[in-house]
Amino acid sequence: MISSLIGAVELGLLYALLALGVYITYRILDFPDLTVDGSFTTGGGIAAVMISHGYNAWLSCIVAFAGGIAAGLCTGLLHTKGKINGLLSGILMMIALHSINLRIMGKPNIAIIDADTVLTSVNPWIVLGSMLIIVLLLMNWFFRTDVGLALRATGDNDRMIRSFGANTDTTKIIGVSLSNGLVALSGALIAQQSGFADITMGVGMIVVGLASVIIGEAVFGARNIIHATISVVLGAIVYRIVVALALRVEWLDASDMKVITAVIVIIALVFPTASRAMKQKKMAKKRTEEITGALSKEFKGGDLRA
Amino acid sequence: MISVLELSHVSKLFNPGTPDEKIALQHINLKLNPGDFVTIIGSNGAGKSTLMNIISGVMKPDAGAVRIDGQEISGLPEYRRSRWIGRVFQDPMAGTAPRMTIEENLAMAYRRGARRGLSVSINASRRSMFRESLERLGIGLENRLRAKVGLLSGGERQALSLLMATFTKPQILLLDEHTAALDPARAELITRLTDTIVREMQLTTLMVTHNMEQAIRLGNRLIMMDKGKIILDIDERTKKDLTIEKLLGEFERISGHKLSDDRVVLGG
Ligand SMILES: Nc1ncnc2c1ncn2[C@@H]1O[C@H](COP(=O)(O)OP(=O)(O)OP(=O)(O)O)[C@@H](O)[C@H]1O
Ligand SMILES: [Mg+2]
């Protein structure tokens, strides 16, 4: 039990980078980017190929990050310059990446089980912890710079930031690229942790990322960027713990995880909208009563018999 | 003298070649001198917003030229023109980023037209500058620098939008019914702020309004639009003796119909 929880926390830290990537597109840019399913594999594939060819594992992480950026760049260009709907740009890129990933890997599955990885060199907790802290610090710095503010405003009110001279095409491309860079890095780490890369390893990753973001924000809050990014990391860990616990339920199989994840995301998406609608309805009812109540009073006040 | 803004023969057609074809602007000629504060009135669909959108680059004219300080800018996209043009929209939601803080919004406005790089936007000296500017609005926003803009009321947001639009002293300020969505008291506050800021900074301003009294009271020039044309351009001297009755009468005389504006307000 304890060991499976520890395993879940470790996996959570690895997937936290994926979740941070999804946070950038889904929350900051307000752009549901499906490239993730492809770019996660791109990252894992690049790392596995390089490591199995004897390259340094850290170098493979950097190249994987760059590969993710390239994938995001393509999606961003399709969406902004090609004026293709955001969802569709992501889907197109995801499909294209499937072939590209196979080209990179050369075969659908690469084992690196005995190789030296970034997680075997030093204590993996120190590696993961410091890596995440660095990423969090960099993100929090970046999103407070002039470019970072413009990028956030692009997702918040693009018309406004254009009227202040930011090229929102550029900010979107930067955001989607960075996001996929992080996703690919996460894929590279997962490949090293599990000892292999598989062409299907990215399937459903967008939903895993969304679940982490949504759980993190719901449980830990999101007052500002620093707060939100830390929440997302914690959300990724909580998600993995939920998964670990769910897998202990007898009648659930590992293969049921995708539907559980989807259900978590659906609940998290439906609940706030539904509760907002409920609140509005209540408010409208109250106000109507107040107003019509006031009207009938006025009517009495104007009664000429008085 | 070179005009700050010059439109020559600007025309705009919507949905060309379809049954919905609509001439929004026809052969608009307009010259603004430095410091001109022009109010624009006109019936619904007269093309006032289209004119604003063409000046700011949101839309491209189908014919004609737009020049700022003598330089042709028709080819420039909106984000590249914004270094000269400040805008406040009718919708109080439109001019600010709701999920960002007041100081972050101001920091973005402060970088209007400048290249955005990787330096951190807000530091102590900027923050105190933002605070000072907010103080001048006189509505207490200076104490809420880190509040999310989404929490502000419509009037507060519009005041902030106005400050942001004028922060870096744009060559041209475009106001498109920026008080129309507010209740009368708030609208009056924003109108007063507008007048003060425009005068103090001597901004060349185009202000669309549906408030006749305001159109007469503010500015040094009044333009009347109807069916995509400028039908009347009243200079400062004539404007001094203008009344709402005279203005409406003049509109009817020239256009041949009554001024129809669903939001028209006669008095202040
Ligand atoms: N994007 C668009 N597509 C098609 N027609 C448009 C578009 N924008 C404006 N129009 C039409 O062009 C004409 C001028 O519109 P515009 O919004 O400029 O009027 P306005 O003077 O601002 O009116 P209002 O007082 O109602 O704001 C209208 O007939 C309008 O229906
Ligand atoms: Mg309009």
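Of the 306 residues in chain A, 50% are buried. The model is a predicted one, and the values reported here were computed from its coordinates. Chain A contains eleven helices and two strands, which follow one another along the sequence in the pattern α-α-α-α-β-α-α-α-α-β-α-α-α. Taken along the principal axes, the C-alpha atoms of this chain fill a box of roughly 100 × 55 × 35 Å. When contacts in chain A are restricted to residues at least 6 apart in sequence, 78% of them join residues at least 24 apart.

The nonpolar cores were examined next. In soluble globular proteins, nonpolar side chains tend to be buried together. The largest nonpolar core of the model comprises 70 residues, and the members that touch the most others are Leu18(A) and Leu20(A). Helix 1 of chain A, spanning residues 2–29, contributes 14 residues, the largest share of this core. With residues up to four places away in sequence left out, the contacts of Leu18(A) are Val36(A), Phe40(A), Leu182(A), Val183(A), Ser186(A), Met205(A), Val208(A) and Gly209(A). A second core, separate from the largest one, has 43 residues; among them are Ala166(A) and, from chain B, Leu162(B), Leu163(B) and Ile190(B).

In chain B, four strands are arranged as an open sheet in the order 2-1-4-5, with antiparallel pairing. The edges are occupied by strand 2 (22–32) and strand 5 (71–72), each of which has a single partner strand, so one side of each is left without a neighbour in the sheet. Strand 1 of chain B (residues 5–14) is joined to strand 2 by seven bridges, the two strands running antiparallel. Within this pairing, Leu13(B) has Ile23(B) of strand 2 as its bridge partner.

Another antiparallel pair in chain B consists of strand 9 (residues 221–226) and strand 10 (residues 229–234), which are connected by five bridges. Here Leu222(B) is bridged to Ile234(B) in strand 10. The two strands form a hairpin with two residues between them, and Lys227(B) adopts a positive phi near 45 degrees.

Pockets and cavities were also analysed. The largest pocket encloses about 700 Å³ of space. Its lining consists of 25 residues; those nearest the pocket centre are Arg152(A), Arg223(A), Asn224(A), Ile225(A) and Glu104(B). By residue class, this lining comprises ten nonpolar, three polar and twelve charged residues. At least two lining residues are supplied by each of helix 1, helix 7 (146–163) and helix 10 (225–248) of chain A, and likewise by helix 3 (102–110) of chain B. Helix 1 of chain A thus recurs in the description, both as the source of the largest share of the largest nonpolar core and as a contributor to the lining of the largest pocket.

With a threshold of 30 Å³ or more, the cavity count is one. The volume of the largest cavity is about 40 Å³. Its lining is formed by Ser163(A) together with Ser56(B), Glu78(B), Ser82(B), Ile85(B) and Arg87(B). These lining residues divide into one nonpolar, three polar and two charged.

Note on methods: Residues numbered from 1 in each chain as written. Chains lettered and ligands numbered in written order. Predicted model: local features only at pLDDT ≥ 70, side-chain atom pairs only at ≥ 80, totals over all residues. Heavy atoms only, no water. Core = buried A, V, L, I, M, F, W, Y, C linked by side-chain atoms within 4.5 Å. Buried < 20%, exposed > 50% of the residue type's maximum accessible area, 1.4 Å probe, protein only. Contact = heavy atoms within 4.5 Å. 1 Å grid on protein atoms, 1.4 Å probe; cavity = no way out; pocket = protein on both sides within 12 Å on 5 of 7 lines; lining within 4 Å. Points joined across faces, edges and corners; volume = space filled by probe spheres on them. Nonpolar A, V, L, I, M, F, W, Y, C, P; charged D, E, K, R; others polar. Pairing = 2+ DSSP bridges.
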